[in-house]
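Biologist: I should like a close look at one element of this model, and at the surroundings into which it is packed. Please begin with a single residue and work outwards from there.

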Amino acid sequence: AQREPCAPSSLIAVGIRQMARPHPSGIWLIAAALTFAASLTFRAIDLPLCDGFAMGTHWMWHNLNGVVLGVLTMAVIRHGRRQAV
């Protein structure tokens, strides 16, 4: 069964909406979406490449997912709504 790339598409959609507002978090969401799409690509090509490239690309999947989390965390830190205390 083929999986739909919902997460990157959702991040792009929300990023575009934020950029149209204009809100500075939009570019962070677009960056996270593109990074996540790259991580999914490395995950998808890992198994076919393992025979010829022993190290594989699975490690890139993990590293780029960490970058995605970092980018989204920075978006929240810099542009998240502050709650009244």
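**A close look at helix α3**

Modeller: Gly 70 lies in helix α3, where helices are DSSP runs of H or I with at least four residues, strands are runs of E with at least two, and both are numbered from the N terminus. The model is predicted, so that local features need pLDDT of at least 70 and side-chain atom pairs pLDDT 80 or more, while totals for chains, interfaces and linings use all residues. Residues are numbered from 1 along each chain as its sequence is written, and side-chain values use heavy atoms, with hydrogens and water left out.

Helix α3 runs over residues 58-79 and has 22 residues. From its first C-alpha to its last, α3 reaches 32 Å, close to the 32 Å expected at 1.5 Å a residue; the expected span is 1.5 Å times one less than the number of residues.

The buried residues of α3 are Met 60, Trp 61, Leu 64, Asn 65, Val 68, Val 71 and Ala 75. Buried means under 20% relative accessible area, exposed over 50%, and partly exposed in between, with a 1.4 Å probe and protein chains only. These buried residues lie on the same side of α3, because they cover an arc of only 135 degrees around the axis, taken from the directions from the helix axis to the C-beta atoms. On the other side of α3, Leu 69, Val 76 and Ile 77 are exposed.

Two residues of α3 fall between these classes. Gly 70, the starting point, is partly exposed, because its relative accessibility is 31%. Trp 59, which also lies in helix α3, counts as partly exposed at 37% relative accessibility.

The partner of the buried residues of α3 is α2, residues 25-49, against which they pack, contact meaning heavy atoms within 4.5 Å. Helix α2 has 25 residues and reaches 36 Å between its first and last C-alpha, close to the 36 Å expected at 1.5 Å a residue. In α2, the buried residues are Ser 25, Gly 26, Leu 29, Ile 30, Ala 32, Ala 33, Thr 35, Phe 36, Ser 39 and Asp 46. Their cover includes α3 and also α1, which spans residues 6-20.

Two C-alpha distances relate residues of α3 to residues elsewhere in the chain. Gly 70 and Ala 32 are 38 residues apart in sequence, yet their C-alpha atoms are 8.7 Å apart in space; Ala 32 is among the buried residues of α2. Trp 59 and Arg 43 are separated by 16 residues in sequence and by 8.6 Å from C-alpha to C-alpha.

Before α2, the loop between α1 and α2 contains Pro 22. The peptide bond from Arg 21 to Pro 22 is cis, with omega near -15 degrees.

These elements belong to a protein chain with three helices and zero strands, in the order α-α-α along the sequence. Of its 85 residues, 27% count as buried. Among contacts with a separation of 6 or more, 47% join residues 24 or more positions apart. The accessible surface of the protein chain is about 6,300 Å², of which 65% belongs to carbon and sulfur atoms; this area comes from the Shrake-Rupley method with a 1.4 Å probe, and for residues only the protein chains shown count as cover.
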